[in-house]
Amino acid sequence: MCGMESKVVLTPIGNFDIPVEAEAISPDVFAGKSLNEIRELTVLQGPQKHKLSEFFEVSGEAGETSVETTIVIEGDVDRVKLIGYKMSGGKIVINGNAGMHVGDEMSGGEILVRGDAGSWTGMDMKGGTIVIEGNAKDHIGCTYRGKWRGMSGGMIHIKGDAGNNVGGGITGGSIVIDGNVGAFCGIKQNGGLTVVRGDAKRAVGAEMSAGTIVVEGHIEWFTPGFEFVDEVDGLEINGMSFEGAFLKFRGDYAEKSNPKGELYVSKEKNPEL
Amino acid sequence: MGNIIIKNGYVFDPINNINGEVMDIFIKDGKVVEEYDEKDAKVINARGKTVMPGGVDSHSHVAGAKVNRGRIMRPEDHYQWVRAKTDIAHSGTGYTVPSVYLQGYEYATMGYTTVFEAAMPPLEARHTHEEMKATPIVDMGAYLVFGNNWFIMRYLREGDVEKAAAYVSWMLRAHKAYGIKCVNPAGVESWGWAKNVHSLDEPNIHFEITPREIIRGLAEVNELLGLPISLHLHANNLGHPGCWEITRESLKIPSDLEAQTKIEGEQDFEKREQTIYLAHAQFNAFGGTSWRDFESGAKGIVDYVNSADHVVIDNGAVPFGPATVMTGDGPAIFDLYKLVGGKWSNSDIELECGAGVLTFTYLKSNPVHSVQWAIGLELILMIKDMWKCILTTDHPNGGPFVKYPSLIAWLMSEKARNDTLETCHKWASEKSEIATIDRELDLYDVAIITRANPAKTIGIAYRKGHLGVGADGDVTIYDIDPTTLDSNNYTEIEKKFRIAEYTIKEGEVVAHNGEITSAPTGRIFYTESKVNEDIERDVLADVREWFKYYTLGFENYPVDERYLRRPTPIKVNMEG
Ligand SMILES: [Zn+2]
């Protein structure tokens with residue numbers, strides 16, 4: 001294909017009962033393989049090993065390298081986990097809903113989900129871009145349970161709402177939620193940027209020690225360990241600009257005595273602060 | 001139990017003075033026997049390979065409440081370290097705190113067949129036995145924690161060693177335990193009131209007994225009962241700069257006692273000579289006076305060990321990387337938590353002891369951690385007589401046991417050490433003697449510190465740690481040709497020790513090139529000793545009286561044999 005982008009199309013044929021763990025659906029794995037080799041790739045359903053072709057019709061052609069490979073999934077794959085696991089380049093487009101753990105530990109490339117995404121999208125990611133056009137569930141860009149340091153680079157953009165624990169433990173990179181979020185957004189954040197264009201429930205930035213959180217909407221219950229620093233008019237962070245007046249806080253003092261976490265909250269939407 | 005003949009291997013069996021001779025080993029019905037006809041056995045050709053007795057780990061935290069707390073605290077330790085289920089083996093997860101199944105398989109994969117749990121609180125004995133029961137393949141036993149036990153402190157304060165001995169004897173029987181563990185003597189009791197003790201002659205709270213009195217008393221009790229293992233000490237001030245000094249002074253306390261091992265039916269075997277076995281010496285060999293002038297204090301310990309014949313240490317080395325720090329020394333863990341943060345847990349075991357658990361990572365870029373790495377290696381390389389030391393990581397405190405092969409590589413290869421010195425913090429070379437040591441252990445030395453000496457030290461060398469007739473048929477075959485072994489190629493050494501070609505347990509191949517081939521049930525060893533019946537009756541009356549301070553009933557206290565797999569009592573001192 002001489003450097004041109006090659007496309008592999010996966011069409012779900014059902015059989016998703018117990019969730020399928022499909023780490024194999026990645027441009028890094030598909031690159032350089034024939035369609036038959038791709039059909040033979042192993043996926044797990046519970047403890048059982050299956051072939052990818054038991055769940056998907058496979059057509060098109062893979063590129064020589066991951067960067068030259070695009071994977072298009074034509075339909076909902078809510079019950080397929082780990083799509084794009086550790087991918088370093090190329091592109092995955094899901095024309096439907098995605099399951100849990102999309103783009104875990106990815107270091108490069110691009111994932112586009114036209115529908116909704118499951119929990120743990122972009123867990124521990126290091127680079128690349130994930131765009132979700134619909135809503136997402138919990139633990140978006142959050143590190144694994146029990147771990148305190150997660151996502152270190154890259155970008156996650158959720159165009160709808162997200163659930164609880166957005167950006168837990170991130171140390172770098174950025175997460176932008178256009179809609180609302182649940183509780184514990186930016187918990188244990190230690191670097192990077194988390195932006196919420198809509199409203200947040202409670203415990204925003206809890207146990208945060210570094211990094212930046214911007215909330216353009218209303219925070220229902222403000223986190224107690226933050227102290228007011230300043231009022232600023234308009235913000236410019238990582239090439240993103242935010243208009244209007246913001247109250248700047250530092251915290252979380254409940255976590256340590258000299259925290260470097262910065263929390264910017266819309267003045268207009270939070271008159272009680 | 002099977003019949004296996006291992007032919008033509010280079011055999012390293014230090015207890016029988018066999019240093020790389022080409023020999024055949026005959027195992028019948030699970031025991032090493034004299035030569036017999038090979039048509040009755042599975043024959044393994046070990047030509048060009050290294051044959052050793054199965055590995056013996058004399059100090060590892062693998063079962064019980066604090067280990068399980070570590071597992072619960074650390075889901076992140078589990079999700080990327082997994083072993084899939086096979087027809088023979090269960091699935092398992094966990095790196096520094098593996099699940100019970102996985103730890104059995106990982107030990108077997110590495111060539112180890114015997115593992116002793118380092119600290120069993122009496123109240124947690126049932127839990128500990130339940131976990132040991134579920135750990136496949138390896139033979140096990142557990143040391144019972146006594147250093148801050150109310151009854152012991154009371155009897156020793158009154159100077160009544162006989163009653164203390166009767167109590168220990170009953171407790172070992174009641175809880176199916178193997179020997180006496182003493183953790184931060186006197187200090188853990190004070191920790192119940194947020195205090196600690198910092199010198200050997202500082203009395204603790206309420207009982208007003210000193211660490212010196214407890215160490216001396218328990219060592220005397222140990223030899224009075226004639227237990228297989230000596231007193232096993234986790235010394236005071238562990239983990240604090242300058243602690244090497246109190247450690248050396250502690251080692252001196254039982255220097256005049258004579259080692260007495262009185263195992264019924266076992267006369268003629270390599271008996272222990274030590275009256276004190278110091279646990280994880282690295283953590284108790286810190287020099288300096290603060291973290292700013294921190295340095296190795298190994299020399300002070302080593303000089304004493306080299307001059308004394310009543311001491312054995314295990315090094316408790318730090319191989320760098322993730323660890324889970326867990327010990328009965330609650331205050332030590334709390335001090336570490338204040339220093340580094342992380343996930344911390346602490347508990348009190350009523351009337352008996354306590355425990356702390358903390359997540360931890362040793363970094364090459366960290367000056368103190370780099371010195372700790374050096375101390376762990378110094379504590380073997382600077383000791384003249386290999387029969388005074390044992391290789392451990394104090395799993396999972398210094399690092400997980402699956403890192404033993406890295407430590408073996410560092411001990412066998414000066415180049416391995418030098419290459420690490422180039423990539424770790426300069427304090428390792430500046431604040432220890434590691435850079436000046438050119439000693440390289442050979443396979444015979446490695447066999448001493450990983451099987452022969454741990455077996456001898458814990459008093460089980462009549463059946464473990466050697467390959468003489470009558471020994472258990474536990475054998476490891478490593479794909480190492482001693483005639484072409486190149487210590488500069490240390491990654492190869494590490495690889496070969498990580499995955500044994502064959503691990504044989506009681507004449508059955510349990511692991512072959514990393515795969516579990518059978519998963520037999522191991523034994524649980526515990527000590528049954530006898531003391532004067534009148535004294536024991538008096539002691540039990542005391543125990544019943546003070547049981548009002550426990551939150552459980554006396555009848556529910558002892559652990560019966562149903563909780564043990566293949567219970568194997570070792571009868572000692574039966575004349576009473
Ligand atoms: Zn230990």
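Here is a short chat about a predicted model, covering the contact between its two chains, its empty spaces and its salt bridges.

Biologist: How much area is buried between chain A and chain B?

Modeller: The size of an interface is often given as the accessible area lost when the parts come together. Here nine residues of chain A are in contact with six residues of chain B. Carbon and sulfur atoms give 64% of the buried area, and the total comes to about 600 Å².

Biologist: Which residues in chain A lose the most area to chain B?

Modeller: Three of them together make up 63% of what the chain A side buries. They are A:Y144, A:G146 and A:W148.

Biologist: And how many residue pairs are in polar contact across that interface?

Modeller: Salt bridges don't come into it, as the rule finds zero of them across the interface of chain A and chain B. That's despite the chain A side having four charged residues, along with four nonpolar and one polar. Counting pairs with both residues at pLDDT 80 or more, the polar contacts come to four.

Biologist: Let's go to the cavities. Which residues are the closest to the centre of the largest cavity?

Modeller: The whole structure has three cavities of 30 Å³ or more, and the largest holds about 100 Å³ of space. Its lining takes at least two residues from each of α1 (65-73), β16 (344-349) and β17 (353-362) of chain B. By class, that lining is eight nonpolar, three polar and three charged residues. Of the 14 residues in it, the closest to the centre are B:K66, B:P121, B:I349, B:G354 and B:A355.

Biologist: What about the second largest pocket: which residues are the closest to its centre?

Modeller: That pocket has a volume of about 630 Å³, and its lining has nine nonpolar, six polar and eight charged residues. In chain B, β7 (82-83) and β8 (92-93) each supply at least two lining residues. Both chains show up among the closest of the 23 lining residues, namely A:E21, A:E23, A:L82, B:Y79 and B:V82.

Biologist: Last one: how many residues apart in sequence are the parts that B:K7 and B:E38 tie together?

Modeller: A search of the whole structure finds 52 salt bridges over all chains. In one, the side chains of B:K7 and B:E38 meet at 2.7 Å, N to O. B:K7 sits in strand β1 (residues 4-13) of chain B, while B:E38 is in the loop between β3 (31-33) and β4 (42-45) of chain B, so the parts this pair ties together are apart in sequence by 31 residues.

Notes. Residues are numbered from 1 along each chain as its sequence is written. Chains are lettered from A and ligands numbered from 1 in the order in which they are written. This is a predicted model: local features need pLDDT of at least 70, side-chain atom pairs count only at pLDDT 80 or more; totals for chains, interfaces and linings use all residues. Side-chain values use heavy atoms; hydrogens and water are left out. Contact means heavy atoms within 4.5 Å. Buried area is the accessible area (1.4 Å probe) that two parts lose on being put together, summed over both. A salt bridge is a side-chain nitrogen of Lys or Arg within 4 Å of a carboxyl oxygen of Asp or Glu. A polar contact is a pair of N or O atoms within 3.5 Å; within protein, one must be able to donate a hydrogen and the other to accept it, and residues adjacent in sequence count only if both atoms are side-chain atoms. Ala, Val, Leu, Ile, Met, Phe, Trp, Tyr, Cys and Pro count as nonpolar, Asp, Glu, Lys and Arg as charged, and the others, Gly among them, as polar. On a 1 Å grid over the protein atoms alone, a cavity is a set of points where a 1.4 Å probe fits but cannot get out, and a pocket is an open set with protein on both sides within 12 Å along at least five of seven lines; lining residues have an atom within 4 Å of a point. Grid points are joined across faces, edges and corners, and a volume is the space filled by probe spheres set on the points. Helices (H or I, at least four residues) and strands (E, at least two) are DSSP runs, numbered from the N terminus.
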